[in-house]
Each structure stands twice: as C-alpha cells, then as structure tokens.
Amino acid sequence: MALTLSKEKIKSWLKDRHNAIFLGILLFAIFIRLYYWLLTKTQALWWDEADYLAYAKNLAGFPTDWIVTAKHNSLYPYLVSVFFKIGASEMFTKFFLQVIPSILSVVLVYLLANQMYSDKRIGIIASAVMSVFWVSLFNTARFHIDILALFLGLLTCYIFWVGYEKKNKIFGKLDPKWTIPLTVLLVILTYSIRRGYFLIGLFIFLYMILTTKFSQIVKNKYNWIGLIGGAVVFLLVENTIFQSGITSVSEGYYHTEYPIAFAPLRIFSDFFLNIGSQTGYILFILFWVGFLVACANLVLSAGYINKSTLKTKSDLFNIISIVSTLVFFMVVLRTPGTPGEARWYLPIALASFIFISQSAVWILDSLKKYHKYIALAVVLILIAVSAYGQIKYSDATVRHSLNSFEGIKEAGLYIKDNSYTYDQVLTVPAPQIAYYSERSAIRPAQWIGWNGSNDDIPQDEIFDKIRESPLVRYLVVSFSEPNHPLWMKTITSAQKPNGEEILVTWEIPFMDTKINFITDAQDIKQTKTYGDITFKLAAIRNEVFVYEIIRG
C-alpha cells in the first residue's frame with residue numbers, strides 16, 4: 001500500500017511538466033558529477049585539501065600527528081575521519097562528502113526557488129545553471145569544504161523560507177513554530193564547516209529585521225529558544241571543534257589598514273565571464289539586468305515591505321544576500337587586488353541564478369507575444385550556449401589540475417613504504433607529505449620558530465636542528481610547491497622576445513644539484529656530507545626530490 005501510494009505521488013509530481021523538466025536537469029547534474037568523480041579518483045591533493053585530510057587521518061588514529069592550520073579549522077576533518085575510521089577509501093569519502101551534497105544543492109535550488117516564486121520557470125532555469133556552474137563542478141571534484149557548506153546553507157534557507165515566510169510544515173512534518181530554533185542550529189552547523197558561511201545567518205537576520213516588527217520578534221518565545229540554544233551550541237563548537245578562537249583567526253582576515261576594496265564587485269566576472277568563452281556574457285548580462293530591475297522594484301516598494309507580494313519579499317532576501325556578502329568582502333576583509341577565489345562567494349550563487357532566471361523569463365514572455373515557439377527557442381539557445389561555456393571551462397580546469405602535485409603524492413607514498421611509523425620528514429609541502437606518508441611532517445620555518453621570509457630560512461639552524469633530532473629521516477624538496485628556502489631550491493627563468501617566460505634551471509644548492517632545461521645538462525649529486533650528517537638522494541618523483549638523512 002505504501003509503495004503504491006509512493007508511486008502515485010511520483011506520477012502526480014511528474015504530471016507537472018516543470019517537475020519533469022527538472023528531473024531531466026537533475027539526471028544530467030548527477031551524470032556530470034559522477035563523471036568528474038570517476039575522472040579525479042586518483043588525483044593528488046592540494047595543500048589545503050591535505051591540511052583537512054591529514055588532520056582527519058590523525059583523528060582517525062593513523063600514524064601522523066598533523067594538526068590542521070588555524071585558518072582551516074572546521075568540522076569537515078572530523079566528518080572525513082569517520083569515513084577513514086571505518087576503512088573508507090578517499091574515493092568513497094569524496095562521493096559522500098562532495099558529490100552527494102553537490103547533487104542535492106541542485107535539488108535545493110529548484111525547491112527553494114519554487115517556494116520563493118510562483119513561476120516554476122525560475123526554479124527550472126536557476127537549477128539548470130547550478131547544474132553546470134563551473135565553481136560547483138570544479139570544487140565538487142576536490143576536497144574543498146565549500147560544497148558541503150553550500151548544501152547546508154541552501155538547506156538552512158529552504159527550511160527558513162518554508163517555515164518562517166510560508167508558515168508551512170517543514171518537510172511536511174515539523175511545526176513551523178520551530179523554524180527559528182532549527183534554522184539557528186543549521187546556521188551554526190554550516191558555520192562549523194566553513195566559518196565564512198556565518199553570512200547565511202546574516203541574510204536571515206537582516207531579512208527578519210526588515211520584514212517583521214521588532215516587537216513581534218522579541219515576543220516570540222521560539223526566537224528566544226533559538227537564540228539561547230544557539231548560543232550554547234556556538235560556544236560548544238568554538239571550544240571543541242575549533243583549535244583557534246574566532247577572534248584570533250579573524251585577525252588574519254580583517255584588514256582595517258587597507259582601503260575599502262572594490263575588487264569583490266568583479267566576482268560576477270569570475271562566475272560568468274572569465275571562462276575563456278564569449279558565451280559567458282549571456283549569463284553576466286542576464287544577472288545584472290535581473291538584479292538591477294529587482295533593486296528598482298524594491299525601491300518602489302520601500303515602506304510597504306510587510307504588505308508586499310511574495311515575489312518582492314523573495315527579491316529582498318536575494319538582494320540582501322548579494323549586497324551583504326559584497327559589503328563583507330569589500331569593507332571587512334578588504335582583500336586588495338583581486339576578489340579572491342570564486343568559491344568563497346558561493347553563498348550568493350542562489351541569488352545570482354534567480355536574477356538570471358528572472359531576466360530569461362522576461363525575455364520569454366516578451367517574445368511570446370509574437371511567437372510562442374520562437375520565444376522558447378531563443379531562451380533555450382541562450383541557456384544551452386551558456387551551459388556549454390560553463391561545462392567547457394569546468395572540464396578544462398578539472399583536467400588541467402588532474403596531475404598537479406602528483407610528485408608530492410608519489411614521494412609521500414615512497415616514504416610510507418620505506419620508513420618506520422616514528423620517522424619524521426622535513427618538507428615545505430608538509431600536509432601532503434603527512435597525509436600520504438602517514439608520518440610526522442615538519443615545515444622548516446615552524447620547526448625553528450622562523451618569522452622572516454621563507455627564502456631566508458637559515459640553513460645552519462636547520463642543520464643543527466637535524467643533528468638534535470634523530471627521528472628526522474627524510475628531507476623533501478618539491479619544485480611544484482612554493483615557499484622553499486633558497487638553500488633548498490632555486491628556479492631560474494627567462495623571457496623570450498615575444499614576452500613568453502621559459503624555465504631555464506632548477507637548482508638544489510645544498511646538494512650542488514643543477515638541471516639546465518635549455519642545454520639538457522643535469523648535474524645531480526647522489527650524496528652530500530655536512531660534518532656528521534649526510535644527505536643521500538633516495539628517490540626522484542615528478543618534480544620532487546627525496547633525500548634520506550644519514551647520521552655518523
């Protein structure tokens with residue numbers, strides 16, 4: 001009976017052509033994410049990925065003592081450690097913590113847009129853009145915390161909108177009066193994955209202040225339950241999950257010494273234009289038209305927000321999310337020069353796609369007056385061409401990074417196979433080596449408490465420290481990782497008359513080793529002795545040199 005009822009509900013749901021179209025979009029979103037999941041199953045971890053995952057191995061009881069860096073404090077390594085503890089592979093873990101949340105984010109964009117707007121075409125177009133969005137596809141293929149944080153952020157907004165604005169039961173079960181307590185808990189959970197996603201809570205708070213009388217907010221006991229319960233959970237999270245308090249971490253990001261930065265305004269270019277294709281202009285223009293029209297309509301509704309239509313309130317929420325995020329990056333972080341990484345701005349993805357959708361729907365309705373099928377064809381072509389540009393760029397970026405830092409991975413695995421669990425490794429790409437070798441990895445600067453430039457880390461102090469530390473067995477030099485002391489490696493390049501920069505030499509000065517890429521001459525020393533310590537070349541792995549340290 002239950003199975004029959006379920007089938008009937010599915011048939012009824014699919015009778016709505018909008019839902020049927022969305023199902024096609026979802027199947028495509030699943031296919032492309034599974035494709036990149038399989039394609040990247042053996043790719044090497046980057047520094048930040050390894051920072052999370054090496055700590056996860058530590059938490060799971062593997063023989064490494066790596067502690068995540070302060071700026072990467074997160075619940076994420078704890079979640080990964082659960083999978084590692086039960087023996088799950090890296091590929092399996094990525095499927096559950098990256099691929100599934102990425103797929104569900106497409107679903108939530110559709111559901112949330114349908115809750116916000118009565119026109120289901122907005123949800124279809126927004127979810128279609130989300131399904132191919134290069135920032136989502138690329139970061140789904142890596143162990144980046146942004147995808148899981150985005151999923152939780154969208155889930156938070158969905159629950160808030162259904163329960164608070166629509167006054168409906170949450171997932172058809174939970175009384176809407178519990179919306180705020182549940183929303184607060186989800187905001188904190190999202191924050192615990194990525195601290196920058198406190199923005200989700202800010203969006204919701206500003207929306208409540210602008211659409212609800214303050215007296216009503218204060219009188220609602222469930223708001224107080226959410227506030228007090230949230231404060232307790234927040235303090236618990238800050239004092240258990242995070243190694244560094246929010247105040248100490250924020251000092252590294254908040255730059256009052258810099259002028260207000262306008263670079264974050266270029267983030268929409270990074271989203272839509274900088275994909276190596278002219279097709280990006282379509283989404284870029286559609287976004288700005290939709291956003292500016294929504295802002296104009298909101299200005300005309302000023303003073304009547306409480307009595308406004310659901311569409312106007314939805315536009316207000318989406319405008320708040322974009323404006324407050326940009327203000328945060330421009331006024332608080334003030335990162336000079338560039339907007340920063342596109343994934344940092346994923347909290348505004350939903351709003352961006354909705355404004356794109358509104359512009360596309362306006363074009364469709366305007367052209368329908370003349371010919372229904374021509375109007376539909378024009379919009380379909382615009383979206384399809386834009387989607388192709390996003391997919392093409394996603395594919396290029398994913399494939400370009402497939403083999404990056406492969407040598408560090410291979411070096412780490414070599415050390416794992418040729419060392420004891422108590423052996424230690426001195427290396428700049430420490431988290432990657434710690435993750436793959438499952439050994440203690442030490443960075444030169446931190447080892448001697450060096451606060452100056454990495455280039456100038458003194459060789460004599462490091463060698464003296466090596467003499468005092470018999471467990472340090474390997475030293476790794478990587479030409480694919482920056483920030484090495486100059487005595488460990490130097491790279492010489494030159495510029496052709498046409499402006500092209502070419503690689504000339506690699507050198508490892510402390511080993512008197514030099515490779516000339518112009519003449520193909522190689523002078524690779526196998527050993528070098530400094531008093532009572534000898535460095536012996538143990539392995540070369542794709543831009544990485546592994547030296548064993550022999551004493552006596």
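In this predicted model, strands β6 and β7 make a hairpin in which 5 residues lie between the two strands, and D520 in the turn has a positive phi of about 65 degrees. The strands of this hairpin, β6 (residues 513-516) and β7, run antiparallel and are joined by 2 bridges. One of the residues involved is K514, whose bridge partner in β7 is D523. I515 of β6 is likewise bridged to β7, with Q522 as its partner there.

A second hairpin leads into β6 from the other side of the sequence. Strands β5 and β6 form this hairpin with 4 residues between them, and here D512 is the turn residue with a positive phi, of about 55 degrees. Strand β5 (residues 501-508) pairs with β6 in the antiparallel sense over 4 bridges. In that pairing, W506 has I515 of β6 as its bridge partner. I515 thus appears in both pairings, opposite W506 and opposite Q522.

The two hairpins belong to an open sheet of 4 strands with the order β4-β5-β6-β7, and the pairing is antiparallel. The edges of this sheet are held by β4 (490-495) and β7 (522-523); each has a single partner strand, so one side of each is left without a neighbour in the sheet.

The model also contains another sheet. This one is open as well and is built from 6 strands in the order β2-β1-β3-β10-β9-β8, with mixed pairing. Its edges are formed by β2 (440-442) and β8 (527-530), each with a single partner strand, so one side of each lacks a neighbour in the sheet. From one strand to the next, the twist averages 25 degrees. Within this sheet, strand β9 (residues 533-540) and strand β10 (residues 544-551) run antiparallel and are joined by 7 bridges. F535, for instance, has I549 in β10 as its bridge partner. Helix α22 (residues 459-468) packs on the sheet, where it touches β1 (424-427), β8, β9 and β10. The direction of α22 makes about 95 degrees with that of β9.

Turning to the helices, a useful starting point is that two packed helices are described by the angle between their axes and the distance between the axes. Helix α3 (residues 47-59) offers two such pairings to look at. With helix α20 (residues 430-437), α3 packs at an angle of about 45 degrees, and the axes are 8 Å apart. These two helices are therefore oblique to each other. The crossing of α3 past α20 is left-handed. On the α3 side, W47, A50, D51, L53, A54 and K57 take part in the contact, and they meet P431, Q432, A434 and Y435 in α20. Sorted by class, this contact has 7 nonpolar, 1 polar and 2 charged residues.

The other partner of α3 considered here is helix α4 (residues 76-85). The angle between α3 and α4 is about 55 degrees, with their axes 8 Å apart. These helices, too, are therefore oblique to each other. In this case α3 passes its partner α4 in a right-handed crossing. The residues of α3 that make the contact are Y52, L53, Y55, A56, K57 and L59, which meet Y76, P77, Y78, V80, S81 and F84 in α4. By class, the contact of α3 with α4 has 10 nonpolar, 1 polar and 1 charged residues. Among the α3 residues, L53 and K57 take part in the contact with α20 and also in the contact with α4.

A further helix pair is made by α5 (residues 90-116) and α6 (residues 120-132), which pack at an angle of about 160 degrees, with their axes 8 Å apart. That angle makes α5 roughly antiparallel to α6. The crossing of α5 past α6 is right-handed. From α5, residues S105, V106, V109, Y110, A113 and N114 meet K120, I122, G123, I124, A126, S127, M130 and S131 in α6. This contact has 8 nonpolar, 5 polar and 1 charged residues by class.

For the protein chain as a whole, the secondary structure comes to 22 helices and 10 strands. The radius of gyration is 27 Å, close to the 24 Å that the globule rule gives for 552 residues, so the chain is as compact as a globular protein of that length. Taken along the principal axes, the C-alpha atoms fill a box of roughly 85 × 60 × 55 Å.

Notes. Residues numbered from 1 in each chain as written. Predicted model: local features only at pLDDT ≥ 70, side-chain atom pairs only at ≥ 80, totals over all residues. Heavy atoms only, no water. Axes fitted to C-alpha atoms, helices over the stretch in contact; angles between N-to-C directions. Parallel < 35°, antiparallel > 145°, perpendicular 65-115°, else oblique. Left-handed = near helix turned anticlockwise from the far one by under 90°. Contact = heavy atoms within 4.5 Å. Nonpolar A, V, L, I, M, F, W, Y, C, P; charged D, E, K, R; others polar. Pairing = 2+ DSSP bridges. Rg over C-alpha atoms; globule rule 2.2 N^0.38 Å.
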